[in-house]
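Colleague: I have a list of "why is it called that" questions. Can we look at the model together and go through them?

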Amino acid sequence: MKPAVFSLEQPVSVAQLMQSGEGRIVAGGQSLGPMLNFRVAQPSHVISIAQIREFSLVEETEDAVIIGACVTHAAIADGRVPDIGKGILPAIAQGIAYRAVRNRGTIGGSLCHADPAADWLCTMTALGAAVLTLRPDGGRTIPLTTFVLGPFRNALQPGEIVQAVRVPKASPEARWGYYKACRKPGEFAHAMAAVFLDPARDIHRAVIGAVGGAPIVLEGSDVRIESAERALLQSGLDEIGRIMQLAALRRAMEQAA
Ligand SMILES: Cc1cc2nc3c(=O)[nH]c(=O)nc-3n(C[C@H](O)[C@H](O)[C@H](O)COP(=O)(O)OP(=O)(O)OC[C@H]3O[C@@H](n4cnc5c(N)ncnc54)[C@H](O)[C@@H]3O)c2cc1C
């Protein structure tokens, strides 16, 4: 199918973006493109943020890396973005889809799309990341734990745009694990888990993704299989789904041990 007719605006700066009218944001187009083609989304006006230089910037501070919303998965996979430590970011980016998708898909687009099985959603939640937004009256910081409201639903208000993702740096002693089960490489996962242990910062967190809604977050003494079993029982997943999720969590916990 072909998309319904829409007009396209391509601002090249945040100042120009702020003067844009109302419209559907497109970044890498890897998720929105198919939605337009299948007419699941039929916006009359689309605003591409891919040319806005500020959205592709990366800043490293003492305790965090701030990644522009339009930084691609490929840029992170190729190490063109400073890692937060332990090689976490490039390792995750390399496992997203195929190179062609990674070349265009962006970290901001992935988080905003809020696909329950998205790699960044699960990982960034485990790392304690937050999105930094832009709106006409300023902007705000939204932790990933409250950013996703449900499958394909985020906490952005109309006209609000994600401009960057703030990812705290890991301590040298931090440990992490990540496991996803896919039918074949490059496909979205059917089960996935991320474990991040950073005792120096008192962080013990496990996140189970691909559960059909916002990820399940286990913290502190709840980072164990029994707590995951209880949470998964309430997730609505069938028994096979729960078994797969527990297996993914076990693998991620083993890696982080
Ligand atoms: C074949 C294929 C396989 C894939 N496999 C995987 C996979 O294994 N793992 C995985 O995690 N992902 C996978 N993806 C998804 C991919 O990672 C996309 O890059 C991602 O979902 C969307 O990023 P994007 O930049 O293309 O966003 P777009 O498609 O441009 O936008 C997605 C949505 O987010 C909104 N949006 C985008 N940017 C912003 C912003 N800055 N502020 C506010 N709203 C915004 C758009 O309006 C739209 O609703 C796959 C995609 C394809 C096509």
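Modeller: Start with Asp202, which sits in the loop between S12 and S13. Helices (H or I, at least four residues) and strands (E, at least two) are DSSP runs, numbered from the N terminus. This is a predicted model, where local features need pLDDT of at least 70 and side-chain atom pairs count only at pLDDT 80 or more, while totals for chains, interfaces and linings use all residues. Residue numbers start from 1 along each chain as its sequence is written.

Colleague: Is Asp202 buried or exposed, and how do you know?

Modeller: Count the C-beta atoms, placed from the backbone, within 10 Å of the residue's own: 20 or more others means buried, 12 or fewer exposed, and in between partly exposed. Asp202 has 7 others within 10 Å, so Asp202 is exposed. Its phi is near 55 degrees, a positive value in a residue other than glycine.

Colleague: And why is Lys86 called partly exposed?

Modeller: Lys86 has 17 C-beta neighbours inside 10 Å, so it falls between the two cut-offs. Lys86 lies in the loop between helix H3 (73–77) and helix H4 (88–94). Its phi is also positive, near 65 degrees.

Colleague: Why do you say that strand S12 is largely enclosed?

Modeller: 8 of the 8 residues of S12 (residues 191–198) are buried, so the rest of the structure largely encloses this strand. Ala191, Ala193, Val195 and Leu197 point one way, Met192, Ala194, Phe196 and Asp198 the other, and all are buried.

Colleague: What makes S12 and strand S13 (residues 203–209) a pair?

Modeller: Two strands pair if DSSP finds at least two bridges between them. S12 and S13 have 7 and run antiparallel. Ala193 stands opposite Ile208 in S13. The two strands form a hairpin with 4 residues between them. Strand S11 (residues 175–181) is joined to S12 by 7 bridges as well, again antiparallel. There, Arg175 stands opposite Leu197.

Colleague: What makes S1 and S2 edge strands?

Modeller: First, their sheet: 3 strands in the order S1-S3-S2, open, with parallel pairing. Strand S1 (7–9) and S2 each pair on one side only, which puts them at the edges. S2 and strand S3 (residues 45–48) share 3 bridges. Ile25 stands opposite Ile47 in S3.

Colleague: How do you know where the ligand lies relative to domain 1 and domain 2?

Modeller: The bounds come from an automatic or database domain assignment. Domain 1 (7–48) and domain 2 (53–168) both give residues to the shell around the ligand, so it lies between them.

Colleague: What puts a residue around the ligand?

Modeller: Its C-beta atom, placed from the backbone, must lie within 6 Å of the molecule. There are 30 such residues, and Gly28, Gln30, Ala97, Gly105 and Gly109 come nearest. H6 gives the largest share, 5 residues.

Colleague: How many of the shell residues are nonpolar, polar or charged?

Modeller: Ala, Val, Leu, Ile, Met, Phe, Trp, Tyr, Cys and Pro count as nonpolar, Asp, Glu, Lys and Arg as charged, and the others, Gly among them, as polar. The shell has 16 nonpolar, 10 polar and 4 charged residues.

Colleague: How many residues of domain 2 are in contact with domain 3, and what makes a contact?

Modeller: Two residues are in contact if their C-beta atoms, placed from the backbone, lie within 7 Å. By that test, 19 residues of domain 2 touch 20 residues of domain 3. H7 gives the most to the domain 2 side, with 6 residues. That side divides into 13 nonpolar, 5 polar and 1 charged.
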